[in-house]
Amino acid sequence: MWSFHVFVLFGTQKHRTLNYYNFHNHTNLPKPDSENPSPDLTPPLGPSAMHRFAGLSPGAVVEEVAASLGCGVTAAAVAEFLDEQDELRCLRGQFLLPKVADLPPSDLSLVDGEEDCVYMVGNSLGLQPRNTQRYLQEELDKWAKTGVHGHTEGSRPWAWAENNIEELMANIVGAEEEEVALMNGLTVNLHLLMLSFYQPTTERHKILLEDKAFPSDHYAAESQVVLRGFDPQQSLLLLKPRQGEDTLRTEDILSVLEEEGDSVAVVMLSGVQYYTGQLFDIPAITAAGHRKGCLVGFDLAHAAGNVELRLHDWGVDFACWCSYKYINSGAGGLAAAFIHQKHKHSIKPALMGWWGHRLETRFSMSNEMDLQPGVNGFRLSNQPILLVCPLQASLEVFNMTNMQALRSKSVLLTGYLEYLIQHYYSPDRDQDQDQDPDPDRPPRPHVRILTPRDPKQRGCQLSLCFSVPIKRVFQELERRGVACDMREPSVLRVAPVPLYNSFTDVHRFIQRLEAALSAAADQ
């Protein structure tokens, strides 16, 4: 079971104190907004009553809040109350939320164009951090005014600007600073890592990955196999869910490793599966792979900034991830790579470039490589400063809190979404409510959630499978100022992100989903 814990960091980066807030034992509840008072929300649930939520699941929290407020579980007052208790709500102001009127598909005859859109697509592209434009303009001004001196001058010298924020990225993924490098794009980094970690032999040549891995991961693994002279049909070991199931069972992954592990050179899985939203058991898979002598790596594109990670402690050998989804660095943003400290002197890059050379001797121009140890030796060239700026702006927001606090909010936020989806669209709902259903009424659409029910096995995304064709529903959602994404033939991916999404966003999404389904049914 789960309870809502919130951590907030105060003070400067060097002198921070950790102020611990517990949803079920709160002693400093925020007051309602004076401009929009809600006097009926706070009296039933004052500080003395918060202990009642200890150990409750998200659904039980929703029901307890509704009962204490004297309203229904679907009432907007529940979302408003949860937002008022959210100690991370101030982080929303660190991002720029698009207005409904600015989204191209919006139909202003249906929705108020001045409202913030319902942005539920951080799994695809995160929102722009508020400081992005300022940081970019600073570097453009520096270029204009100082020219070449910008390489070594200013608050972010271009020659090593990314190095100054790598500790912040390492904190997000649970790594040591020296284990993380900001560079390139995700697939480029995956290839660089695989060139060194994938060393197939006739006895051990397989790469273990999901059958429905993200296409770029599959292509990268396949091309690495071919590059080494092996046959993908024999050397790609693809994991498939059981018949009739949507997600992989951990025990099945571990069983495959036990049975096939002696022939597996590299395990290369997602941290969070992009289509289903399933969070894999990274420490268990890593340990199982190591027991069989495999090297274990992960694509963390949908995990970094979404779930708690402890790459160093778990002993993951290597990983890579993009930063434009949950880490909000903008489309095509600077990616990251991780190599565990234990490999810093044993794993060398297959391809080398100038930026892999130690900084202290880099400009001696001797043409004798003085290779940096670990992941830093995998650097090829200096990183574009205009990509460093938005990433810095986002990482600074993450540094206002921590992943434990964000994850705590995320579990409740996504749990609230799940609860409302099940309330309105469970396949059993019509049977429960309609003892004498109208035979002339069209059946109510049903929604099946592909993502695991257990919060420990998912991030913030829910993948929703509809009983009706999804394309028209998706279009109607977009007309109503909702940003999410669709995957044919019938899946909608919805991701409430704890950095900037609110419980009210979730409630608004459900309202607009109902309107979209009705409109789609009428056409």
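This tour moves from the whole chain to one sheet, then to a lysine in a loop, and finally to a short helix.

**The whole chain**

Begin with everything displayed, keeping in mind that this is a predicted model. If you colour by secondary structure, you should be able to follow 16 helices and 17 strands along the chain. Buried residues account for 55% of the 523 residues, and the surface that the chain exposes comes to about 22700 Å², of which carbon and sulfur atoms supply 51%. When contacts between residues at least 6 apart in sequence are considered, 69% of them join residues at least 24 apart.

**The four-stranded sheet**

Next, select β13, β14, β17 and β16, which in that order form an open sheet of 4 strands with antiparallel pairing. Look at β13 (447-449) and β16 (485-487), which stand at the edges: each has a single partner strand, so one side of each is left without a neighbour in the sheet. Turning the view along the sheet, you can follow a twist that averages 30° from one strand to the next.

Now zoom in on β13 and β14 (residues 462-466), which pair in the antiparallel sense over 3 bridges. Which residue of β14 is the bridge partner of R448? Select C465 in β14, since this is the residue that partners R448.

Then add helix α13 (residues 403-425), which packs on the sheet and touches β13, β14 and β17 (491-494). The direction of α13 makes about 145° with that of β13.

**The lysine in the loop**

Move on to K325, which lies in the loop between β11 (318-321) and β12 (336-339). An unreviewed UniProt entry lists K325 under "modified residue: N6-(pyridoxal phosphate)lysine". Is K325 buried or exposed? Its relative accessibility is 11%, and because buried means under 20%, K325 counts as buried. To see what surrounds K325, leave out residues up to four places away in sequence and select the others that K325 touches, namely G122, N123, S124, L125, G126, A301 and H302.

**A mostly covered helix**

Finally, select helix α4 (residues 166-173), in which 6 of the 8 residues are buried. These are E166, L168, M169, A170, I172 and V173. Show their surroundings as well, for the buried residues of α4 pack against β6 (180-182), α10 (311-314), β11, β12, α12 (385-398) and α13. Two of these elements, β11 and β12, also flank the loop that holds K325, while α13 is the helix that packs on the sheet. Just after α4 comes G174, with a positive phi near 70°, and there the tour ends.

Key: Residues are numbered from 1 along each chain as its sequence is written. This is a predicted model: local features need pLDDT of at least 70, side-chain atom pairs count only at pLDDT 80 or more; totals for chains, interfaces and linings use all residues. Side-chain values use heavy atoms; hydrogens and water are left out. Helices (H or I, at least four residues) and strands (E, at least two) are DSSP runs, numbered from the N terminus. Buried means under 20% relative accessible area, exposed over 50%, partly exposed in between (1.4 Å probe, protein chains only). Contact means heavy atoms within 4.5 Å. Accessible areas come from the Shrake-Rupley method with a 1.4 Å probe; for residues, only the protein chains shown count as cover. Two strands pair if DSSP finds at least two bridges between them. Axes are lines fitted to C-alpha atoms, for helices over the stretch in contact, and angles run from 0 to 180 degrees between N-to-C directions. UniProt positions are given in the numbering used here, feature names are shortened, and annotations may be inferred rather than shown by experiment.
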